[in-house]
Amino acid sequence: MKAPETIQTKRLLLRRPQMEDAQEIFERYASDPDVTRYLHWETHGSVDATREFLRLSHAAWEAGPAGPYLIRSRESGLVLGSTGLDFEIPDRPMTGYVLAQDAWGQGFATEALGAMVDLARSLDLPSLLACCHPDNAASIRVLEKGGFDLEGRLTACAKFPNLSGDAMCDILAYACDLC
Ligand SMILES: CC(C)(COP(=O)(O)OP(=O)(O)OC[C@H]1O[C@@H](n2cnc3c(N)ncnc32)[C@H](O)[C@@H]1OP(=O)(O)O)[C@@H](O)C(=O)NCCC(=O)NCCS
């Protein structure tokens, strides 16, 4: 089953990203080191890095049931961030979210996460996973509000390139049971 390429929530328009979104994604959040601190991908140094992300996004959408979604405000049309479903490990679909700084603190991540949980349920997935850095308090709170339970702390198992280069860091693994 394939996910819809566009999803609407109360305040958000989630849409499969297109190559022409590159400049806006780069400027709004992908080049901001405060935004990417706790992410697994390096802060984009040029719009070419954003285009590479969009190529990977396209490949994910072609290979699996879904991929990244760009988040826009329904009111203003402005790019707010991105979310999505990642099927890189097909039996363990994961979600995540990132927002431009001026979009923080308004409940947008919680709203986007709710849409990903609804989408995962509509795709008959048994559960949805999410991981975050143990110090990422805002993200932990979003996962708790979204109905995710802490599965455990995995020791030295992921890189956070913008935080600690090549060092392996602990992560918190969360899951939302959809059955
Ligand atoms: C994490 C992020 C997506 C949260 O987005 P958001 O739209 O501000 O989140 P929401 O408004 O839906 O909810 C945030 C919650 O965290 C709480 N919060 C924010 N900062 C916090 C902090 N430093 N400590 C504890 N709680 C915090 C807020 O009070 C809110 O909880 P509440 O509704 O109970 O008051 C956003 O900060 C972001 O994009 N950060 C950079 C990218 C990132 O880290 N992504 C997650 C990777 S796992």
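**Exercise 1. Around Arg 11**

Leaving aside its neighbours within four places in sequence, which residues is Arg 11 in contact with?

*Solution.* Before we start, please note that this is a predicted model: local features need pLDDT of at least 70, side-chain atom pairs count only at pLDDT 80 or more, and totals for chains, interfaces and linings use all residues. Residue numbers start from 1 along each chain, following the sequence as it is written.

Step 1: find the residue. Arg 11 sits in the loop between strand E1 (6-8) and strand E2. Here helices (H or I, at least four residues) and strands (E, at least two) are DSSP runs, numbered from the N terminus.

Step 2: list its contacts, meaning residues whose C-beta atoms, placed from the backbone, lie within 7 Å. They are Ser 73, Arg 74, Glu 75 and Glu 111.

Step 3: check its surroundings. Arg 11 counts as partly exposed because it has 15 C-beta neighbours inside 10 Å. The scale is this: 20 or more other C-beta atoms within 10 Å make a residue buried, 12 or fewer make it exposed, and anything in between is partly exposed, with C-beta atoms placed from the backbone.

Step 4: look across the chain. Cys 131 is 120 residues from Arg 11 along the chain, and their C-alpha atoms are separated by 25 Å.

**Exercise 2. The whole chain**

Work out how the protein chain is built and how it fills space.

*Solution.* Step 1: count the elements. The protein chain has 6 helices and 8 strands, and along the sequence they follow the pattern β-β-α-α-α-β-β-β-α-β-α-β-α-β.

Step 2: take the dimensions. Along the principal axes, the C-alpha atoms fill a box of roughly 40 × 35 × 35 Å. The radius of gyration, taken over C-alpha atoms, can be set beside a globule rule of 2.2 Å times the number of residues to the power 0.38. A compact globule of 179 residues would come out near 16 Å, and the protein chain has 15 Å, which agrees.

Step 3: look inside. Of the 179 residues, 34% count as buried. Among contacts with a separation of 6 or more, 61% are between residues 24 or more positions apart.

**Exercise 3. Following the strands**

Trace the pairing from E2 through to E5.

*Solution.* Step 1: begin with E2 (residues 12-15), which pairs with E3 (residues 68-73) in the antiparallel sense over 4 bridges. Pairing requires that DSSP finds at least two bridges between two strands. Leu 12 has Ser 73 as its bridge partner in E3.

Step 2: go on to E4 (residues 79-86), which runs antiparallel to E3 and is joined to E3 by 5 bridges. Here Leu 70 is matched with Ser 82. The two strands form a hairpin with 5 residues between them, and Gly 77 in the turn has a positive phi of about 80°.

Step 3: finish at E5. E4 and E5 run antiparallel and share 6 bridges, and Ser 82 has Val 98 as its bridge partner in E5. E5 is mostly covered, with 5 of its 6 residues buried.

**Exercise 4. Two faces of H5**

Which residues of H5 are buried, and which exposed residues does the face turned away from them carry?

*Solution.* Step 1: the buried residues are Ser 139, Val 142 and Leu 143. Seen down the helix axis, the buried residues of H5 fall within an arc of 95°, so they line one face; the arc is that of the directions from the axis to the C-beta atoms.

Step 2: turn the helix around. The face away from the buried side carries the exposed residues Ala 137, Ala 138 and Arg 141.

Step 3: see what the buried residues pack against: H4, strand E6 (127-132) and strand E8 (168-177).

**Exercise 5. The shell around the ligand**

How many residues surround the ligand, and which are the closest?

*Solution.* Step 1: collect residues whose C-beta atom, placed from the backbone, lies within 6 Å of the ligand. There are 22, the closest being Ala 109, Thr 110, Cys 132, Ala 137 and Arg 141.

Step 2: sort them by element. E5 (94-99), H4 (108-122) and H5 (137-145) each supply at least two residues, and the largest share, 5 residues, comes from H5.

**Exercise 6. Positive phi**

Describe Asp 124 and Ala 156.

*Solution.* Step 1: Asp 124 has a positive phi of about 65° although it is not a glycine, and it lies in the loop between H4 and E6.

Step 2: Ala 156, in strand E7 (residues 149-159), has a positive phi of about 45°.

Notes:
Two residues are in contact if their C-beta atoms, placed from the backbone, lie within 7 Å.
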